[in-house]
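Trainee: Could you take me closely through one small part of this model, beginning with a single residue and then working outward to the elements and chains around it? I would like one connected account rather than a list.

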4 protein chains.
Amino acid sequence: MTSSFGNLFRLTTFGESHGRAVGVVVDGCPPRLPLTVDEVQHDLDRRRPGQSRLVTQRKESDTVEVLSGLYDGATTGTPLAMVVTNADQRPGAYDHLKDLYRPSHADFTYAAKYGHRDHRGGGRASARETIGRVAAGAVARKLLTVGPDGGQAPVSVVGWVSQVRDITANVEPETVTEADVEVDPTRCPDPQAAAAMTTAIEDARKAGDSLGGIVTVVARGVPAGLGEPVFDKLDADLAKAMLSLPAAKGFEIGSGFAGTTMTGLEHNDPFEPGPDAHHPITTTNYSGGVQGGIANGASIVCRVAFKPTATISSEQKTVTTSGEPTMLAAKGRHDPCVLPRAVPLVESMMLLVLADHWLRQQALDVLGR
Amino acid sequence: MTSSFGNLFRLTTFGESHGRAVGVVVDGCPPRLPLTVDEVQHDLDRRRPGQSRLVTQRKESDTVEVLSGLYDGATTGTPLAMVVTNADQRPGAYDHLKDLYRPSHADFTYAAKYGHRDHRGGGRASARETIGRVAAGAVARKLLTVGPDGGQAPVSVVGWVSQVRDITANVEPETVTEADVEVDPTRCPDPQAAAAMTTAIEDARKAGDSLGGIVTVVARGVPAGLGEPVFDKLDADLAKAMLSLPAAKGFEIGSGFAGTTMTGLEHNDPFEPGPDAHHPITTTNYSGGVQGGIANGASIVCRVAFKPTATISSEQKTVTTSGEPTMLAAKGRHDPCVLPRAVPLVESMMLLVLADHWLRQQALDVLGR
Amino acid sequence: MTSSFGNLFRLTTFGESHGRAVGVVVDGCPPRLPLTVDEVQHDLDRRRPGQSRLVTQRKESDTVEVLSGLYDGATTGTPLAMVVTNADQRPGAYDHLKDLYRPSHADFTYAAKYGHRDHRGGGRASARETIGRVAAGAVARKLLTVGPDGGQAPVSVVGWVSQVRDITANVEPETVTEADVEVDPTRCPDPQAAAAMTTAIEDARKAGDSLGGIVTVVARGVPAGLGEPVFDKLDADLAKAMLSLPAAKGFEIGSGFAGTTMTGLEHNDPFEPGPDAHHPITTTNYSGGVQGGIANGASIVCRVAFKPTATISSEQKTVTTSGEPTMLAAKGRHDPCVLPRAVPLVESMMLLVLADHWLRQQALDVLGR
Amino acid sequence: MTSSFGNLFRLTTFGESHGRAVGVVVDGCPPRLPLTVDEVQHDLDRRRPGQSRLVTQRKESDTVEVLSGLYDGATTGTPLAMVVTNADQRPGAYDHLKDLYRPSHADFTYAAKYGHRDHRGGGRASARETIGRVAAGAVARKLLTVGPDGGQAPVSVVGWVSQVRDITANVEPETVTEADVEVDPTRCPDPQAAAAMTTAIEDARKAGDSLGGIVTVVARGVPAGLGEPVFDKLDADLAKAMLSLPAAKGFEIGSGFAGTTMTGLEHNDPFEPGPDAHHPITTTNYSGGVQGGIANGASIVCRVAFKPTATISSEQKTVTTSGEPTMLAAKGRHDPCVLPRAVPLVESMMLLVLADHWLRQQALDVLGR
């Protein structure tokens, strides 16, 4: 079950970095959702390697093939199987890693867990696993655009790079669009910050080093009531979703860690009358759109911390698989900074969580609203 | 399923703040675990209200009754049902809240979700729901103490208040003990910080205000290999566990958000030879004990951000349930700062996640190690 | 998870025969369902011991207490915890069974599984575990009566004893009612068969022996479309539900085993025009209301085979827990034939499966019908 | 989740009859299991069409491709994705079925459920879906052969056709082998019965009609203790597994329906001393190897009833999708009797249930035996 996510809108991913293919099966997608392969490909293209000098140069078109679940331009309600064949496999490129553990990678922990390891490009721990998430996320995006109001008030999810190293961006969550984000290869919609980030990433790459940062994501139009109390709180499920991404080390919603230094009087979001009696609004949004685990109708705003890429070409101390000290200078292609490519991943996880909770709420509303 | 947590070591909580009782059913606890009711009560006593002036004065002994699953001093392998009767119910004390929404509480979101709300003391959204988690956590603690090595290398989990407002504590995660933490009612084992926190909390209470802060938790002795790749990463499950706690707004592991400003060369944890060939150790622990979602044998260190308590006695703007603006000054008993009582909750969630992953690993090891 | 059942309408039972209490937590019940404790008690009264000479004489009022989830006469959407205290515990009555295994009971298999056994009255393997199922089933019954059409076309579920030993009843599934079934303590609505069954059961009791038989159950008014293809077929979930009952050894739907001797031409249910274009009807019902795992709108008719009660007072060969041959003549109170009390159990399992699938269908219909 | 099965050894199938491919993802298979593609292909070859005149003549080699999870001749512990490309697609052959509902097929119920139907060859309701089950079952078979005792006491699962129409076979469950079963295309190891079945099936085919029957399956060597009490009883999970197969209408274990006419004294399986004090044996096996939901160490024997194939070439009354009466004489290729090809399916479901419960037991044994 480790490779499955979601309760009603449920995906299962499979595939290794240098195996034949990676992919996903989405079970529980409602029938009669209009969907084209191009809509899925669009998000995969935002994730794929080789888009710019800022990211890994592995050559993959990441062309998706839909094996099932789609008929006559719409979903059938049966499992959507989507597969991407690995094209630019270079398993031999990893031979020098076979007998040692890369620092802060999953090499040692996989060996400790399984006692049998596909060392080629990280195997299952590779970021290529996230292809399935993005493909599934694209389906969730379409679902959320059509519903909950038949498309009249679509849910929109937009992510962006809000920080690289100590360079922070100034972005307005209520209005930023995917188009704004896609202007620059950094996926930072603040041009000044984007320029500084570009320089910093290129410098790191030249130095054989790597950088981390933060992706911020907003979901606008989420209806009040989505989410669950207790364990499956909307923010709890988002936290899990985000921390399941490679290199993620932190999650916060609304005021997050900064909110810990405020007082209750400062932090509470006052209600005031909204469009109708059933939809009061808040004049601030320190809650980040979620109260008691349930959406309150305000924008959901989260931030995800990514550590600097573990794979660097500088020399590092490590040990061999038989426990001897050794030195490593990683070869092969890698991202000097995962942030730009992390944006579609973070969006996908947000979309998957929202789609799942929307279906769950639908079931709970069986006696009407 | 929203009130259930865990895959193999699985709990289901129930109960409202001012209903008859709150409790938990733990399904999947292995048989033949020696366990006494006192061991469960010990952790509940750390959670219960009225322990000091720093917390709510609701009078509850929180005496647990074990209805099933325990026989002859040991677990039977069948469900452990544990119940705490609500003694100090004062549902009438909440009449003034029936027709309005408390800011930054779950009042409005529950109404939006369910259309039918038990307003008495927050109903299901009350912190009394966490009694079941702590009772289950005590069972998990005992399980992890006996195993994985028959008690030779027990897993120990210790949490403490590391920050209140902007007052931060200086604590050594590798050596701090529960006894150190229990010395002061703040549950901050740094005496200077504890004194400052006490003053700050008392001042907030007198001012009709409230404070937030951070709980840090460490798990020592977790064997390398625990955790899962992809979605059920150990840190992902911890993130969900912690964000499911009332008032939690952020989670980080290891370097967390601070790690985003480091470079890969600084952040990678170098391996060096350990006690034997299969157990290399790292000379730093920016990973926080988890790499690729799987424990690497180092201490697991997490931090959880809690917002200031939403219930305050100062006057606030809000709306009635029919959408009219109004003012609220909350009466009733509440915690001016949830941090001291949050410590056993955070420990419980860590324990529950570890117990579950330990059982999962056991299943995967079916062909031997 | 072994003590939980259902995906969206989900119950978790707990409790042993001679422990303090037995009960159930129902999570996922929709909010705003009008429900009284009496409605739950009604079904429990049909299950409880001591109703007639035909069943065990254990004295239990089986009075249910609802600990949570009910407020102001309706469900809140949060977990319903329902508990029955064990009154007539006589653990000492089982001392003679402590060191041996009763034939065809769960004594040996529990010992093999857990290595630690509560031998008192079968512990968790006792039929008292089913109290939680019946309480949850009563909630499901109410839910299915109100919906799916707001009560205009309620789903009705009726079970009856259709066979005891070789005595078979003649009953019309399309019209039989609970009132018909409750006329006679055998719960067989065919008076002639009921009389013969009564004699047979009393003779078996006097002879220190026991009898088995068949319960038939019908669900009328189930809307076409309920159920899932592949693994969670409606009939597959019903099969699991029924085989999870104590003493059940077989399940069939529609033509069942008898249908294996028919040809396709005889067995296929011809369609003919129904009330409207979207609701064709079938002129026969060999399918038993389910085709391809999904309800077709016809009545769902299932049969469940129960073996003769394992506990008998006649002398039998067995072994001690240390493997020595011995003889056993069981003392204590038991049912000479479980069939009459099995009727509410079979109905409950049918109701629980239908409620769960109704909620699942609701989620799938998120884009409208 | 409808297309997933199992808790720890978990498969998810996908694919339609006339889509591009069908397949399965197996998540939770333990690492380091030696496995070849040929071992999977072996069981697929027993399932595939065109093996003899008794089955459908659709031309499919059903060659499996393993996309992930296998490295260096052994499983890695990560998801095994296995895919079979559909070769002999003839979607056009189903044009005459587009606007009508075939009697006793899933055509109408899919339309009622999804409102959007892939009519080509039954779409997802086709028996081609079972390819994924058989591939996963082959992995489970290998796992159960290696363990639980490292191969010293392998679990063996053998199924056979025990009845076609009213022709019954005489087969000894304790000794029958796969080799015995594979001698004859009917998969009935009783030569006389096999000959009569062959004639009956050929006659039915010529008459444009079809036949049903029974598959019996035995699992030998299952260790006592496997299975769970309450809902996930071993026989309950087997019942669900078997009823999830296309055309299955009934399930029984041990004495099953026949046992309902026995008395307790006749039906109870007396214990007598076994190989050691912890393994008593029973002198009869009316329990079918399961008592209280848990294996007792005796052979597990189940019978599954299959209705006659719904697709027949004789003329039948039915309705169009717009509710008008019409006549249908099905064209296309189909099995006049599913029984011979159902044998590997029944075995696979037994293997999948046993593998899952074995892993579950392993987790429960975390404190040792």
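Mentor: Let us begin with Gly212(C), which sits in the loop that lies between α5 (191–206) and β10 (213–220) of chain C. Please keep in mind throughout that this is a predicted model. Gly212(C) has 26 C-beta neighbours inside 10 Å, and because 20 or more are enough for the label, the residue counts as buried. Leaving aside residues up to four places away in sequence, Gly212(C) touches Phe306(C), Lys307(C) and Pro308(C) of its own chain, and also Gly259(D), Thr260(D) and Met262(D) of chain D. Its C-alpha atom is separated by 7.8 Å from that of Ala305(C), although the two residues are 93 residues apart along the chain.

The strand that follows such a loop can be examined in chain B. There, strand β10 (residues 213–220) has 7 of its 8 residues buried, so the strand is largely enclosed by the rest of the structure. One of its partners is strand β8 (residues 156–164) of chain B, which is joined to β10(B) by 8 bridges and runs antiparallel to it; within this pairing, Val164(B) stands opposite Gly213(B). β10(B) also pairs with strand β16 (residues 300–306) of chain B, again in the antiparallel sense, over 7 bridges, and here Thr216(B) has Arg303(B) as its bridge partner. As background, strands of a sheet pair through backbone hydrogen bonds, either parallel or antiparallel.

Returning to chain C, we can look at another sheet, an open one in which 5 strands follow the order β1-β2-β3-β7-β4 with antiparallel pairing. β1 (4–5) and β4 (64–68) of chain C stand at its edges, and because each has a single partner strand, one side of each is left without a neighbour in the sheet. Helix α1 (residues 37–47) of chain C packs on this sheet, where it touches β4 and β7 (80–85) of chain C, and its direction makes about 135° with that of β4(C). At the other edge, β1(C) pairs with strand β2 (residues 10–15) of chain C in the antiparallel sense over 2 bridges, and Phe5(C) has Leu11(C) in β2(C) as its bridge partner.

Chain D, which we met through the contacts of Gly212(C), offers a view of helix packing. The axes of helix α6 (residues 234–243) and helix α8 (residues 339–364) of chain D come within 9 Å and cross at roughly 145°, and the crossing of α6(D) and α8(D) is right-handed. On the side of α6(D), the contact is made by Leu234(D), Asp237(D), Leu238(D), Ala241(D) and Met242(D), while α8(D) contributes Val346(D), Met349(D), Met350(D), Leu352(D), Val353(D) and His357(D). By class, the residues of this contact divide into 9 nonpolar, 1 polar and 1 charged.

We can now turn to how the chains meet. Between chains B and D, 17 residues of chain B are in contact with 17 residues of chain D. Helix α8 (residues 339–364) of chain B supplies the largest share of the chain B side, namely 6 residues, and that side as a whole has 11 nonpolar, 4 polar and 2 charged residues. Chain B is superposed on chain D by a rotation of 180° with 0.0 Å of shift along its axis, at an RMSD of 0.0 Å; in chain B, the C-alpha nearest this axis is that of Ala363(B), which lies 2.3 Å from it. Of the interface residues of chain B, 100% are also interface residues in chain D, so the copies meet through the same surface.

The contact of chain A with chain B takes 94 residues from each of them. Helix α6 (residues 234–243) of chain A gives the most to the chain A side, with 6 residues, and the residues of that side divide into 38 nonpolar, 36 polar and 20 charged. Strand pairing also links these two chains: strand β11 (residues 248–253) of chain A and strand β11 (residues 248–253) of chain B pair in the antiparallel sense over 3 bridges, with Gly250(A) opposite Glu252(B). Chain A is superposed on chain B by a rotation of 180° with 0.0 Å of shift along its axis (RMSD 0.0 Å), which is the relation of a two-fold axis. The same surface serves both copies, since 100% of the contact residues of chain A recur in chain B.

Notes: Residues numbered from 1 in each chain as written. Chains lettered and ligands numbered in written order. Predicted model: local features only at pLDDT ≥ 70, side-chain atom pairs only at ≥ 80, totals over all residues. Pairing = 2+ DSSP bridges. Helix = DSSP H or I, 4+ residues; strand = E, 2+ residues; numbered from the N terminus. Contact = placed C-beta atoms within 7 Å. Axes fitted to C-alpha atoms, helices over the stretch in contact; angles between N-to-C directions. Left-handed = near helix turned anticlockwise from the far one by under 90°. Nonpolar A, V, L, I, M, F, W, Y, C, P; charged D, E, K, R; others polar. Buried ≥ 20, exposed ≤ 12 C-beta atoms within 10 Å, placed from the backbone. Least-squares fit on C-alpha atoms with pLDDT ≥ 70 in both.
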